[in-house]
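Good morning, colleagues. I should like to take a few minutes to walk you through one structure, beginning with a single residue and then widening the view.

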Amino acid sequence: MERNEFIKSLGLGVALICTGSCLSSCGGKSDDPAPGGGAVGNKVNIDLNSQLTSVGSFVSTGGVLFVRLATGNATSSFVATQALCPHQGGTLNWVQASNLIQCSLHSSQYNSSGTVLRQPNDGGTTSALKVYSTSITGTTLTATIS
Ligand code: FES
């Protein structure tokens with residue numbers, strides 16, 4: 001085989017691989033839930049097979065803080081709020097021992113309904129958290145960001 005023929009055949013193979021890869025990644029509808037978690041459009045998903053497996057566990061992804069409040073995979077077992085503090089954007093964490101959400105930056109606190117329990121410790125003022133509606137399909141928990 002001549003070098004030119006080899007390069008041409010190699011190029012065709014690479015082109016076929018790239019085309020197949022692109023087509024498979026573009027095959028889904030834009031509103032399909034992201035398998036295994038992640039954000040698609042205004043939907044943020046969690047895979048309950050691997051995340052939020054115990055009461056009190058929490059995860060932030062796609063701008064949403066998900067918290068498991070109870071056992072079972074019903075929507076009432078979870079809460080989904082904005083992931084960053086309304087005061088100055090600090091990271092929010094669930095504190096299971098106190099049953100509340102706390103900001104890592106100025107220690108403001110919120111209950112699971114998003115209501116402010118304690119104002120920031122820098123003398124500033126925060127506001128209630130956005131709480132997002134949730135749904136469950138199979139083992140995928142979805143928050144709809146409004
Ligand atoms: S950024 Fe959260 S209390 Fe200041």
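Let us start with Ser 57, which, apart from its neighbours within four places in sequence, is in contact with Leu 52, Phe 66, Val 67 and Arg 68. Please bear in mind throughout that this is a predicted model. Ser 57 sits in the loop that links β2 to β3, the latter covering residues 58-61. Is Ser 57 buried or exposed? Its relative accessible area is 18%, so with a cut-off of under 20% Ser 57 counts as buried. A polar atom of the Ser 57 side chain lies 2.6 Å from the backbone oxygen of Ser 54.

Two of those contacts, Leu 52 and Phe 66, lead us to the core. Both belong to the largest nonpolar core, which has 12 residues in all, including Val 44, Phe 78 and Leu 141. At least two residues of this core come from each of β2, β4, β5 and β11. A separate, second core of 11 residues includes Leu 65, Val 79, Cys 85 and Leu 129.

Phe 78 deserves a closer look. Among the residues that Phe 78 touches beyond four places in sequence are Leu 48, Leu 52, Ile 136 and Leu 141.

Finally, the strands. Strand β11, residues 140-144, pairs with β2, residues 43-47, in the antiparallel sense over 5 bridges; here Asn 45 has Thr 142 as its bridge partner. Strand β10, residues 133-137, is also antiparallel to β11, joined by 5 bridges, and Ile 136 is partnered with Leu 141. What form do β10 and β11 make together? They form a hairpin with 2 residues between them, and Gly 138 in the turn has a positive phi of about 65°.

Conventions:
Residues are numbered from 1 along each chain as its sequence is written. This is a predicted model: local features need pLDDT of at least 70, side-chain atom pairs count only at pLDDT 80 or more; totals for chains, interfaces and linings use all residues. Side-chain values use heavy atoms; hydrogens and water are left out. Two strands pair if DSSP finds at least two bridges between them. Helices (H or I, at least four residues) and strands (E, at least two) are DSSP runs, numbered from the N terminus. Buried means under 20% relative accessible area, exposed over 50%, partly exposed in between (1.4 Å probe, protein chains only). A polar contact is a pair of N or O atoms within 3.5 Å; within protein, one must be able to donate a hydrogen and the other to accept it, and residues adjacent in sequence count only if both atoms are side-chain atoms. Contact means heavy atoms within 4.5 Å. A nonpolar core is a set of buried Ala, Val, Leu, Ile, Met, Phe, Trp, Tyr and Cys residues joined through side-chain atoms within 4.5 Å.
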